[in-house]
Amino acid sequence: MSWPLFFELLLGGVVLGGLYALMAFAFSLILATTHVLNVSHGVVMVLGAALGTLLVRHVGMPFALGLAVVVVVFLVVGGLFEAALVRPLTARSTTEILVGSIMATFGLALALESLLGVYWARAVEPQPIFALQLGVTSLRLGDVTVSGPRASVLAFSAAAVVLFHLFLTRTRIGKEARAVAQNRTGALVIGLDPRRVSRTILTLGIAATALAGTFYVVAVPLGPYDGLRLTMIAFTVSAAGGVGNLPGALWAGLALGVAEVFTGFWIGPVWSPLTYLLVLFAVLLLRPSGLLGGLLR
């Protein structure tokens, strides 16, 4: 393998891994603060991608304005999601919240996937594919060519990681979320309201997931039935990095993205999904607290 090809594959893996890490950030933070395992997490990402595609590609809206509309719409969706599916569970035990949220969000995910696939095919285009082109020119670094969309997504991922870090370490709600995630009882003792914190994190997490979906389809097209696969990837990255451990999720996402790209190149694209399934089984069997759990908190 030549060095330019190796670098291009590595960059592709880093871009994919950065998107996986962003998916897992919201998934892991919501799970740690609310005990809600949102099986529809990946479907929310696909819905964000679908709305972004509709606004930018079919309506002709500028990309930046489309992003703003996606965020506003999914802040409302996040509030409704919390009120309808999560708030009725908040008085239950942790186990009941976990099991109830899995059942409720799994049914929601299946319904949303079916509705999106059917009505997009009827109303927008017969073959539902969500993808965006930014018209960004490619970069040339010596013998290596970096595509404009990949560079844009990489820049977005890096900026989003920095913003997540600043949100959790510099804002009041971010510090409260970390406190609730680490010790819910302790957070109550010092006067925090875990329910208010959980509502806020859930709503912001839904909006951030939809925004990540809009950027995802700049690099990788999605279909209406990819949501549960994305949820499995977010779960794998969260499990490998340790639930609530965002630095762990970042490194786990990057490692998984690189491993998936090189697996697809050396063995074949059909084997790429096997990568995250093997990682998930290995983590659950050998180190349930996460491969990086406790090392990077």
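In the predicted model, Ser157 is located in helix H5, which spans residues 148-170. The relative accessible area of this serine is 5%, and Ser157 is therefore classed as buried, the cut-off being under 20%. When residues up to four places away in sequence are set aside, Ser157 is in contact with Gly18, Leu19 and Leu22.

The element to which Ser157 belongs is part of a fold that contains eleven helices and two strands. Followed along the sequence, these elements are arranged in the order α-α-α-α-β-β-α-α-α-α-α-α-α. Of the contacts made between residues at least 6 apart in sequence, 76% join residues that are at least 24 apart.

Helix H3, formed by residues 63-86, comprises 24 residues and extends 32 Å from its first C-alpha to its last, a span close to the 34 Å expected at 1.5 Å a residue. The buried residues of H3 are Phe63, Gly66, Leu67, Val70, Phe74, Gly78, Phe81, Glu82 and Val86, and the elements that cover them include helix H2 (41-58), helix H4 (94-123) and helix H8 (194-219). Gly79 is likewise found in helix H3, but with a relative accessibility of 26% this glycine counts as partly exposed, because the value falls between the 20% limit for buried residues and the 50% limit for exposed ones. Although Gly79 and Ile206 are separated by 127 residues in sequence, their C-alpha atoms lie 8.9 Å apart in space.

At the level of the whole chain, the radius of gyration is 19 Å, which agrees with the value near 19 Å that a compact globule of 297 residues would have. Along the principal axes, the C-alpha atoms fill a box of roughly 60 × 45 × 35 Å. Buried residues account for 46% of the 297 residues in the protein. The area that the protein exposes amounts to about 14100 Å², of which 70% is supplied by carbon and sulfur atoms. With regard to charge, the protein carries 17 positive and 10 negative charges, and the mean positions of these two sets are 10 Å apart.

How values were computed: Residues numbered from 1 in each chain as written. Predicted model: local features only at pLDDT ≥ 70, side-chain atom pairs only at ≥ 80, totals over all residues. Heavy atoms only, no water. Helix = DSSP H or I, 4+ residues; strand = E, 2+ residues; numbered from the N terminus. Rg over C-alpha atoms; globule rule 2.2 N^0.38 Å. Buried < 20%, exposed > 50% of the residue type's maximum accessible area, 1.4 Å probe, protein only. Contact = heavy atoms within 4.5 Å. Areas by Shrake-Rupley, 256 points an atom, 1.4 Å probe, with all protein chains shown as cover. Lys, Arg positive; Asp, Glu negative; His and termini not counted. Charge placed at Lys NZ, Arg CZ, Asp CG, Glu CD. Expected span 1.5 Å × (residues − 1).
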